[in-house]
Amino acid sequence: MKDKREYFEERIVRQIGSVAGRKTVANIVDNLIEGVTLDLFEEDFKKGSGNELEAKFRAIYSSSALAANNFSIIKKKPFSFHFLNKSGFEFSSFERQFPTGLGGFPPNIDFVLENSKDIVAFESKYLEHLTKKPVSFALSYNKNRLPFLSEFWFKLIENYRGKILRLDVAQLIKHSIGLIRYNKSLKEKSKKITLVYIYWTPKNMESYDLFQSHSDELIEFENVMNEQNDINFIKMTYQEFWKMYENDKQLNEHYSKVKSRYDIVI
């Protein structure tokens, strides 16, 4: 039997109707929605550590392409974009890094918005949550190396360390630590941090137990995250995100094109 991810990759390729069933496009631009251009994200992606503009981005089921297609329109005019009760964003970037202060490469956050009061970071998932992986942390994630963190974070790490989950808890915690460290380093008044976990599901997600399994893990993680005040953690599907902008003429027009590509039955 095929691996679940491989199964979904093949079905997505069939749905989109790529030439001769190929899983990749010849050029990066062939994977973009109408209205999305390279200049909106290419420089940001090249600064990131994931080499996303190489083979990964050309895959029909590329998570990077999903993020670029979804968020590039916001990058055109971040100041006029509204998310929940936040607006007036002065800075926007794909693949931004927030170092934890420990060794190694910090993970890239898919899309980040920032103004004088808020940091909104979107961690985007396409098919990644179809595969389980162990929650792993180096021994350097301790109070001596990360003295700016409250005890909550070390308890959270120990609670999840070694578990095998669909939700990439380690990545979300590392993002959180990097964002907290950045916020504490600001010379001006600290900002309110919102970490948004946005993820793809097919229209018929109820037909697959793995999406419910991921959802259950996500709800549990959200409940635990509600016990701290450093970060406002929000989970949402891409469908929920698109629905937020149905009354915005410009965004709804763009997201209608995005939905025609990604909002599908598998």
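Helices are DSSP runs of H or I with at least four residues, numbered from the N terminus. In the predicted model described here, one such element is helix α5, which spans residues 151-160. Just after α5, Gly162 adopts a positive phi of about 90°. Within α5, the residues Phe152, Trp153, Phe154, Leu156, Ile157 and Tyr160 are buried. The buried residues of this helix pack against three elements, namely β5 (164-165), α6 and α7 (209-225).

The strands β1, β2, β3 and β6 were examined next through their pairing. Strand β1 comprises residues 91-97 and is mostly covered, with five of its seven residues buried. It is joined by six bridges to strand β2 (residues 108-114), and the two strands run antiparallel. In this pairing, Arg96 is placed opposite Ile109 of β2. Strand β2 is in turn joined to β3 by four bridges, again in an antiparallel arrangement. Here Glu114 stands opposite Ile119 in β3. The strands β2 and β3 form a hairpin, with three residues between them.

Strand β3 covers residues 118-125, and eight of its eight residues are buried. In a regular strand the side chains alternate between the two faces of the sheet. In β3, Asp118, Val120, Phe122 and Ser124 point one way, while Ile119, Ala121, Glu123 and Lys125 point the other way. Residues of both sets are buried, including the charged residues Asp118, Glu123 and Lys125. Besides its pairing with β2, β3 is joined by eight bridges to strand β6 (residues 192-199), and these two strands run parallel. Ile119 of β3 has Ile193 of β6 as its bridge partner. Ile119 is thus described by two pairings: it faces Glu114 and is bridged to Ile193.

The largest pocket of the model encloses about 850 Å³ of space. Of the 40 residues that line this pocket, Glu123, Lys125, Glu128, Asp168 and Gln171 are the closest to its centre. The elements contributing two or more residues to the lining are α4 (63-76), β2, β3 and α6 (169-185). By class, the lining of the largest pocket consists of 13 nonpolar, 14 polar and 13 charged residues. Two of the residues closest to the pocket centre, Glu123 and Lys125, belong to the set in β3 that points the same way as Ile119 and Ala121.

The loop between β1 and β2 contains Thr100. Thr100 counts as buried because its relative accessibility is 6%, and the cut-off for this class is under 20%. A polar atom of the Thr100 side chain lies 3.2 Å from the backbone nitrogen of Leu102. Leaving aside residues up to four places away in sequence, Thr100 touches Tyr141, Leu146, Phe148, Lys174, Ile177, Gly178 and Arg181. Among these contacts, Lys174, Ile177, Gly178 and Arg181 fall within the residue range of α6 (169-185).

A contrasting environment is found in helix α1 (residues 4-16), where Arg14 is located. Arg14 is exposed, because its relative accessible area is 61% and the class begins at over 50%. Arg14 and His129 are 115 residues apart along the chain, and their C-alpha atoms are separated by 21 Å.

Technical notes. Residues are numbered from 1 along each chain as its sequence is written. This is a predicted model: local features need pLDDT of at least 70, side-chain atom pairs count only at pLDDT 80 or more; totals for chains, interfaces and linings use all residues. Side-chain values use heavy atoms; hydrogens and water are left out. Buried means under 20% relative accessible area, exposed over 50%, partly exposed in between (1.4 Å probe, protein chains only). Two strands pair if DSSP finds at least two bridges between them. On a 1 Å grid over the protein atoms alone, a cavity is a set of points where a 1.4 Å probe fits but cannot get out, and a pocket is an open set with protein on both sides within 12 Å along at least five of seven lines; lining residues have an atom within 4 Å of a point. Grid points are joined across faces, edges and corners, and a volume is the space filled by probe spheres set on the points. A polar contact is a pair of N or O atoms within 3.5 Å; within protein, one must be able to donate a hydrogen and the other to accept it, and residues adjacent in sequence count only if both atoms are side-chain atoms. Contact means heavy atoms within 4.5 Å.
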